[in-house]
Amino acid sequence: LAAALRLRFDQTGTATGRRDIDAVIEVLKRAAAQIPAHHPGRAGVLTSLCAALRARYDRFGDGADLEAAIDAGRQAISEAPAGDTDQPEYFLNLGVALMSRFGLTARSADLAEAIDLLGRAAASAPSRHAGRSRMTASLAAALWIRFGVSGADDDLDRAIDILRQALADPPPGITDHARLLSNLGVGLWGRFGRSGAAADLDAAIEIGTEAIAVLPPGDVNLARFQSNLSIALRARFERTKASQDIDRAVAAARIAVADTMPGHLDRARYLSSMGDALHEKFRQAGQAQDLSEAIEALSEAANIIPPEHPDRSKVLSGQGNALRTLYEQTGVPGHLDYAIKVLRSSLPTTPADGADRAGLLFNLGKALQTRFETTSSAGDGTEALSVLSAVASSATARPYLRAQAARSAAALAAGSQAHDA
């Protein structure tokens, strides 16, 4: 019964799905309570409970479910009998739950433990194990997350290699295949960000589109896959200015937002992506409604995401950029002042050597440059030059970002020299 209800939840995620997952968890809790500790069958029930609680958290966002999932996962591993052939599944379920908690709290210890557990799961599972593709996809996702935190190319390259190897021998399940495809698309987008190779970005979009196409209707992975695709499409639009890419990026982000519960942390991420895409669309087409909706989406995202969460910096940076554009359209000084205030607030939670810091600094530098060009404030000009010069020389900045920062810094320096003369 629990397995059947869980399958229906995974396929729907609707109000009916909520009743299904609640029933699954209740059945598993009763079973775990009735089986004596260290009974050979208890570990399997506990790992199923871990997976179900984590799935309910992923869909509905109750942090208590996530903590309970981790507790159940740890119990499953500790009570597993020696030689238990399901042990890779126990490692997988606890590892994925720890990844989810890292996404909520950004505790580095959770991510490190998740990578260790997922590596053990993939290494110990037989080559034709039914869950091997999920282990592979989850390990690659965890490595990608760590790459996003540290900027270590080894993690990114390892994630891409793992996924390519898995796809060379495709898993039988449609959802498992789609998960591998989507994660590979994310990895290739990340490599494009480091190398600037257009072929990686084109492949990321093609693979991400394929991943969505093979998903069954109502699959719980839809929002995440659509958001991943939206980000890659927006990146290509920034290079090519092809209107179909930004239109597709906005459409994909809208689907992701619509398919995510209000107040859920993932909704903040998807709203941020949608807001950034709408901002880019406005800059191309000039429709005031797009800019207004972008600022609204980014403001909602900033209200959802916790103050100390590392993703908050990206949300605030996008919000500040949109406000700077609003100033450029209206000429109201307060919009630019607020934009700079928001952009400054994006920096404190970002590590000095973090992979995203250069982009946040660039956005602040451009806003300061805009105010300097408007007011001729020496303080703004000096700070803008310092910030943009730092981005131009940053080892973690994307190549095109370094080039843009260098051009802006050169223009500021030339203007300063002309003013002094």
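## Finding your way around

Helices here are DSSP runs of at least four residues, numbered from the N terminus. With that in hand, α9 spans 174-195, α10 spans 198-214 and α11 spans 222-240, and each of them supplies at least two residues to the lining of the largest cavity. Keep in mind that this is a predicted model.

## The cavity

Let's start with the empty space. How many cavities of 30 Å³ or more turn up in a search of the whole structure? The search finds one. The largest cavity holds about 60 Å³ of space.

Around that space sit Ser 182, Gly 185, Val 186, Trp 189, Ala 204, Gly 208, Phe 225, Asn 228, Leu 229 and Ala 232. Sorted by class, the lining has six nonpolar residues, four polar ones and no charged ones.

## α9 against α10

Two of the helices that help line the cavity, α9 and α10, also pack on each other. Their axes come within 8 Å and cross at roughly 160 degrees. Angles over 145 degrees count as roughly antiparallel, so α9 is roughly antiparallel to α10. The crossing of this pair is left-handed.

On the α9 side, the contact includes Ile 174, His 177, Leu 181, Leu 188 and Phe 192, while α10 brings in residues including Ala 198, Leu 201, Ile 207 and Val 214. Ser 182, Gly 185 and Trp 189 of α9 are also among the contact residues, as is Ala 204 of α10, and these four names appear in the cavity lining too. By class, the α9 and α10 contact has 14 nonpolar, four polar and three charged residues.

## α7 against α8

Earlier in the chain come helix α7 (residues 132-150) and helix α8 (residues 153-167), whose axes come within 8 Å and cross at roughly 160 degrees. That angle makes α7 roughly antiparallel to α8. Their crossing is left-handed.

Among the α7 residues in this contact are Thr 136, Leu 139, Leu 143, Trp 144 and Phe 147; from α8 come residues including Asp 153, Leu 156, Ile 162 and Leu 163. The class count for the contact is eleven nonpolar, two polar and four charged residues.

## α12 against α13

Further along, helix α12 (residues 243-258) meets helix α13 (residues 265-285), with axes that come within 9 Å and cross at roughly 155 degrees. The two are therefore roughly antiparallel to each other. Which hand does the crossing of α12 and α13 have, left or right? It is left-handed.

Residues of α12 in the contact include Ser 243, Ile 246, Asp 247, Val 250 and Arg 254, and those of α13 include Arg 267, Tyr 270, Leu 271, Met 274, Glu 280 and Lys 281. In this contact, eleven residues are nonpolar, three are polar and five are charged.

Notes: Residues are numbered from 1 along each chain as its sequence is written. This is a predicted model: local features need pLDDT of at least 70, side-chain atom pairs count only at pLDDT 80 or more; totals for chains, interfaces and linings use all residues. Side-chain values use heavy atoms; hydrogens and water are left out. Axes are lines fitted to C-alpha atoms, for helices over the stretch in contact, and angles run from 0 to 180 degrees between N-to-C directions. Angles under 35 degrees count as roughly parallel, over 145 as roughly antiparallel, 65 to 115 as roughly perpendicular and the rest as oblique. A crossing is left-handed if the near helix is turned anticlockwise from the far one by less than a right angle, and right-handed if clockwise. Contact means heavy atoms within 4.5 Å. Ala, Val, Leu, Ile, Met, Phe, Trp, Tyr, Cys and Pro count as nonpolar, Asp, Glu, Lys and Arg as charged, and the others, Gly among them, as polar. On a 1 Å grid over the protein atoms alone, a cavity is a set of points where a 1.4 Å probe fits but cannot get out, and a pocket is an open set with protein on both sides within 12 Å along at least five of seven lines; lining residues have an atom within 4 Å of a point. Grid points are joined across faces, edges and corners, and a volume is the space filled by probe spheres set on the points.
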